[in-house]
Amino acid sequence: MPNLTKLFISSVAQDALTPLRNRTFEEFTLLGHQPEMYERTFGPWPMDVSGVEHCLNKVRESDIFCLFLYNKGGSMTDTGYTVTHREFLTALNAGKTLFLYAEPTITKKYFMSVRRVVYSFIERYRQSHRREPSNRELMDHLELTAEAQPSEIPSKYEVEPYIWVMLYDIIDRHGKYMLDMPIGVGIDWKPVLSDILREGASYFPKKAEYMESIDTLAALVEFSEFVQKVVKDHLKIRELSQLRLLLARLQGIIKGAEIKQLRIHDLTLGKLRNCTAICLFQHSNDVLSCIEAAGDTAGGYSFHVSDPNSYVSFTYNTRAEGEPVLFYTEAKRMFYLLYKVGEYVISYHFPEETKWNQNMYVDYTDDIKNGILMAHSNVMIFDFIHSALRGLQK
């Protein structure tokens with residue numbers, strides 16, 4: 001028996017959207033698929049999960065995410081995001097097919113005036129607080145601006161401020177397009193699903209190739225883990241020849257990352273560019289000297305082992321073997337990921353792609369480290385090169 005396509009219908013619970021939600025549910029059902037809607041299929045939630053988490057689980061189980069936005073913001077959660085907003089972020093992060101609809105006059109107002117107010121406030125806030133405003137702070141500003149006379153922003157009684165917060169996140173942070181919401185006539189799902197089928201059909205003949213690629217990846221990971229253990233535990237290395245070339249090749253393969261918040265993994269914090277430089281330091285006679293470097297760095301640095309201002313000395317003195325430590329220099333717009341490996345310290349340099357600041361670095365250090373390590377094959381490459389450095393220990 002074939003699995004039915006699941007469509008999650010997301011919106012604030014408001015009377016103006018009830019007919020549209022019901023028509024969507026009914027037409028999707030008539031087409032032989034499986035819509036998911038709180039009041040029709042999955043509410044109330046089980047006793048062992050919260051209501052919000054139950055909704056998010058249903059989003060994760062669905063194939064298509066359909067969002068309707070009108071003038072109500074919805075119920076706020078303790079994360080600073082509404083339930084509907086978290087549903088969108090969950091669908092986005094899970095790679096679901098997205099159909100995002102908003103009432104046309106709302107999106108028109110956003111582009112004509114509200115967007116400019118949002119951008120201006122965020123820029124001023126960054127300059128004065130060295131971080132982006134929270135959703136609540138942005139909402140409060142928009143509400144106060146709406147109360148001023150004259151104002152370019154509708155009052156909270158006409159459009160709740162959180163709608164503008166959500167549109168900013170969807171359109172400007174995540175680059176998604178809002179379709180005009182057909183409140184009166186509903187959505188003709190037949191051509192929509194036909195487009196999805198046509199796009200998906202091109203992948204059907206290649207299914208065997210994709211499955212073979214997954215098997216190959218699993219074998220590669222197993223082989224990589226074995227090689228790292230052999231290098232670490234069974235080999236002694238006298239030297240690494242052409243060290244500069246080795247670091248250059250290493251620098252060329254280490255990738256940047258999209259940084260997501262660990263606590264709410266659906267939230268993207270910002271981005272880092274690919275690694276642009278690597279410096280390798282060696283400890284001798286209370287001095288940590290850069291014995292080789294590659295990429296966009298002058299190299300040749302040396303630090304006394306007790307230098308209180310040196311990232312390298314701090315790492316050597318305070319970090320356990322193989323434990324990453326992250327630093328950030330706002331003046332250079334640069335992140336530095338350092339490891340102590342026996343008598344060596346290796347430093348990887350990552351320029352920011354989106355704008356960061358010192359407060360964000362302090363607040364999200366663990367999130368940034370995790371993002372770098374999980375990007376592409378970074379963590380396996382780090383482990384391998386560090387295993388080789390351990391083999392050089394005197």
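**Close-up 1. Helices α4 and α7 run side by side.** In this predicted model, the axes of helix α4 (residues 83-93) and helix α7 (residues 162-173) come within 11 Å and cross at roughly 10°. Angles under 35 degrees count as roughly parallel, so that is what we call α4 relative to α7. On the α4 side, look for Thr84, His85, Phe88 and Leu89; they meet Tyr162, Met166, Asp169 and Ile170 in α7. Sorted by class, the contact of α4 with α7 comes out as five nonpolar residues, two polar and one charged.

**Close-up 2. Helices α5 and α6 cross obliquely.** Here we have helix α5 (residues 104-129) and helix α6 (residues 135-147), whose axes come within 11 Å and cross at roughly 125°. That angle makes α5 oblique to α6, and the crossing of the two is right-handed. From α5, the residues in the contact are Val114, Val117, Val118, Phe121, Arg124 and Tyr125, and they meet Glu137, Leu138, His141, Leu142 and Thr145 in α6. If you like a tally by class, the contact of α5 with α6 has seven nonpolar residues, plus two polar and two charged.

**Close-up 3. Helices α13 and α14 meet at roughly a right angle.** Helix α13 (residues 365-374) packs with helix α14 (residues 378-390) at an angle of about 85°, and their axes are 6 Å apart. Since 65 to 115 degrees counts as roughly perpendicular, α13 gets that label relative to α14. Zoom in and you'll find Ile372, Leu373 and Met374 of α13 meeting Asn378, Val379 and Phe382 of α14. What does the contact of α13 with α14 look like by class? It has five nonpolar residues, one polar and no charged ones.

**Close-up 4. A salt bridge joins helices α1 and α2.** Glutamate 39 pairs up with arginine 21 in a salt bridge, with the closest N and O atoms 2.8 Å apart. This pair links distant parts of the chain: arginine 21 sits in helix α1 (residues 18-30) and glutamate 39 in helix α2 (residues 38-42), 18 residues apart. Overall, the structure holds 22 salt bridges.

**Close-up 5. Confidence at its two extremes, α9 and β13.** Which element has the lowest mean pLDDT, and which the highest? Among the elements of the protein, helix α9 (residues 207-234) is at the bottom with a mean of 68, while strand β13 (residues 344-351) tops the list at 97. For the protein, the mean pLDDT is 86, and 89% of its residues reach 70 or more. One caution: where pLDDT is low, the predicted coordinates should not be read in detail.

Methods:
Residues are numbered from 1 along each chain as its sequence is written. This is a predicted model: local features need pLDDT of at least 70, side-chain atom pairs count only at pLDDT 80 or more; totals for chains, interfaces and linings use all residues. Side-chain values use heavy atoms; hydrogens and water are left out. pLDDT is the predictor's confidence in each residue, from 0 to 100. Helices (H or I, at least four residues) and strands (E, at least two) are DSSP runs, numbered from the N terminus. Axes are lines fitted to C-alpha atoms, for helices over the stretch in contact, and angles run from 0 to 180 degrees between N-to-C directions. Angles under 35 degrees count as roughly parallel, over 145 as roughly antiparallel, 65 to 115 as roughly perpendicular and the rest as oblique. A crossing is left-handed if the near helix is turned anticlockwise from the far one by less than a right angle, and right-handed if clockwise. Contact means heavy atoms within 4.5 Å. Ala, Val, Leu, Ile, Met, Phe, Trp, Tyr, Cys and Pro count as nonpolar, Asp, Glu, Lys and Arg as charged, and the others, Gly among them, as polar. A salt bridge is a side-chain nitrogen of Lys or Arg within 4 Å of a carboxyl oxygen of Asp or Glu.
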